[in-house]
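Trainee: I should like to learn how to read a model of two chains, feature by feature. May we take it one question at a time?

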Amino acid sequence: MTVLQRGQLKTAPGSPAGSAVVVAGLSKSYGPVRAVGGVSFTVEHGEIFALLGPNGAGKTTTLEILEGFRTRDAGLVEVLGTDPGDRAAGRALRERIGLVLQDIAVEPYLTVRETVARNAGYYPCPRDVGEVIGVAGLAGQERTKVRNLSGGQKRRLDLALGLIGNPELLFLDEPTTGFDPNARHEAWDAVRALRGSGTTIMLSTHYMDEAQALADRVAVISGGQIVAEGTPSTVGGRDHARARIHFALPAGYAAADLPVHGAAGDGLVTVQSTEPTQTLHQLTGWALQRGIVLDQLTVDRPSLEEVYLRLTGHDRQVMERSAR
Amino acid sequence: MSVATHPAAHHDAALLWHQIRYEQLSFWRNPQSAFFTFAFPVVIITIFGLLFRSGSGSSYFYGLTALQYYVPTIAALSVVGSCYSQLAIVLAQRRQDGILKRVRATPLPAWAYFLGLLAHCIMVSVVDVALIVGIGSIFGMPLPTHWAAIAVTLVLGAASFCTLGVAVASLIRNSEAAPAVVQLVLFPLLFISGTYLPIHSAALNRIAGALPVRPFNQALLGPFAQHTGFEWKDLGVLLAWGAVGALVAIRRFRWNPGPR
């Protein structure tokens, strides 16, 4: 998969001039509360980069600094080679980026088509209005007034407004929060299609499955700091984590009878192994000799969600300890 | 796509025209707001017309008929209402709803957004004043002759009260408090400025003369009723208040909704 290869080419923050987004040592405090403390990452052209973290971890603050809505206290930030805090360059930068914000906010009395056409007029080379309405999944709703759209349809209109300027870089702040499963998959398809057409996408989410399904690379942010970075399959050492072999304890045997060391619980035995091939061989050889069937035999690794919970939970404990 | 290619004057002019058109479309699409914007001055001037239809000049109205006095002051009231009050409330509401932040997310420059609003306010003011003058003439008020003075006063007044509206919207934190704050400031000011009743206190007139509403009233009373043309001193005071409003607006205006 090209996705994995791209993710493995991890670059040092701040160094490459050709990255879509460069963040190095970014800090921001609100009064005594430190929202972001020394965050660094880069987003390469053409990839989908997900900033993953629990509510209050600093995702939105980081995104809003990149989008030019907030000032920063310290650090280097470059979006398409421009400092988003530079007001003079703001208009030129805004013509090249698209923003889909968390809150839905559009004039209620215009129709879908009028709303998109209005924003199209703000950009030098906008996409076709009808086409963008179709991409956002609102075909057939062109003449519906915005106030009569459902919540999900309003989010799609927001996506259409983010796309209408034909952006090189699209920011998506929790793009599918509140979507039903079908709508989420449609939105994911739309986002993948955008990457296919060369758009760089930076999204924030607290959904593991969203990061897993969409992102080429993931950075986990917790307590205002990046605690892990990588592809969805390598982040937090997922690829090096010990494999886990689960099976039901055969009737008439105790855990101590097994040829490998395992932990029993809930009727299932879990064996952790750094050499799963060898461990499995030992285990199945032992079972075959005795004519035993190992029911419910599975091999897996920690899910992205488990890694995420470990990373963000651990960070919280550290913070609580240092606060004491 | 480079910066140099498009901030050409014709591009910006087209952008401004685009914004004015859509600001108008948003306004006319909300039939209730469109109706009430124009209904209020029409109702007031009709009531005054019915009350004072056959009046003759009196010293209470500085030698004018009641209607000669009220057509300009109610015209001023309608402009203040649509430029200052409405704009402050609408902007505070749009900010709270996140609509302003959404505007800020696009390349639309702030000046184009505000000029679109100003054009809208001037349009509403012109329609309001035309309605008031039209209804006044039904009740026997002669049409004014100094149209140039009226037009200049109207545009300057609308612009000044717009900047004051934006300034007040910049200082209000909570959109739910906006109507109350706006009226609290405006209502006493209208009274001491002689909008509803002529004021015969020299001291009060001096104070009100330095505030924005009375100069606007006076600048319209001249060309409307006394056929005196431009009231430069009053226009100067209006312009000064417009500048104060602009300064506060530029320094304090926020696009982001505050914490809820």
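Trainee: What share of the contacts in chain A with a separation of 6 or more do residues 24 or more positions apart account for?

Mentor: Bear in mind that this is a predicted model. In chain A, residues 24 or more positions apart account for 67% of the contacts with a separation of 6 or more. For chain B the corresponding share is 78%.

Trainee: How many helices and strands does each chain have?

Mentor: Chain A has 10 helices and 13 strands. Chain B has 10 helices and 0 strands, and its elements, read from the N terminus, run α-α-α-α-α-α-α-α-α-α.

Trainee: Why is chain B described as being as compact as a globular protein of that length?

Mentor: One sets the radius of gyration beside the value that the globule rule gives. For the 260 residues of chain B the rule gives 18 Å, and the radius of gyration is 19 Å, which is close to it, so chain B is as compact as a globular protein of that length. The C-alpha trace of chain B spans about 65 × 35 × 35 Å along its principal axes, while that of chain A spans about 75 × 50 × 35 Å.

Trainee: What percentage of the residues in each chain is buried?

Mentor: A residue counts as buried if 20 or more other C-beta atoms lie within 10 Å of its own. On that criterion, buried residues make up 41% of the 324 residues in chain A and 43% of the 260 residues in chain B.

Trainee: Is helix 4 of chain A mostly covered or mostly exposed?

Mentor: The general idea concerns the direction of side chains. An α-helix has 3.6 residues a turn, so residues three or four places apart point the same way. Helix 4 of chain A, residues 112–120, is mostly covered, with 8 of its 9 residues buried. Among them are Val112(A), Glu114(A), Val116(A) and Arg118(A).

Trainee: Which residues touch the most other members of the largest nonpolar core?

Mentor: That core has 78 residues, and Ala50(A), Val116(A), Ala160(A) and Val220(A) touch the most other members. Leaving aside residues up to four places away in sequence, Ala160(A) touches Val116(A), Val132(A), Ile133(A), Ala136(A) and Leu138(A). A second, separate core has 60 residues, including Leu64(B) and Ile150(B).

Trainee: How many residues does each chain bring to the contact between the chains?

Mentor: Chain A and chain B each bring 21 residues. On the side of chain B that touches chain A, helix 1 (9–29) and helix 4 (99–104) each supply at least two residues, and helix 1 of chain B gives the most, with 6 residues. By class, that side of chain B has 10 nonpolar, 7 polar and 4 charged residues.

Terms used. Residues are numbered from 1 along each chain as its sequence is written. Chains are lettered from A and ligands numbered from 1 in the order in which they are written. This is a predicted model: local features need pLDDT of at least 70, side-chain atom pairs count only at pLDDT 80 or more; totals for chains, interfaces and linings use all residues. Two residues are in contact if their C-beta atoms, placed from the backbone, lie within 7 Å. Helices (H or I, at least four residues) and strands (E, at least two) are DSSP runs, numbered from the N terminus. Ala, Val, Leu, Ile, Met, Phe, Trp, Tyr, Cys and Pro count as nonpolar, Asp, Glu, Lys and Arg as charged, and the others, Gly among them, as polar. A nonpolar core is a set of buried Ala, Val, Leu, Ile, Met, Phe, Trp, Tyr and Cys residues joined through C-beta atoms within 7 Å. A residue is buried if 20 or more other C-beta atoms lie within 10 Å of its own, exposed if 12 or fewer, and partly exposed in between; C-beta atoms are placed from the backbone. The radius of gyration is taken over C-alpha atoms; the globule rule is 2.2 Å times the number of residues to the power 0.38.
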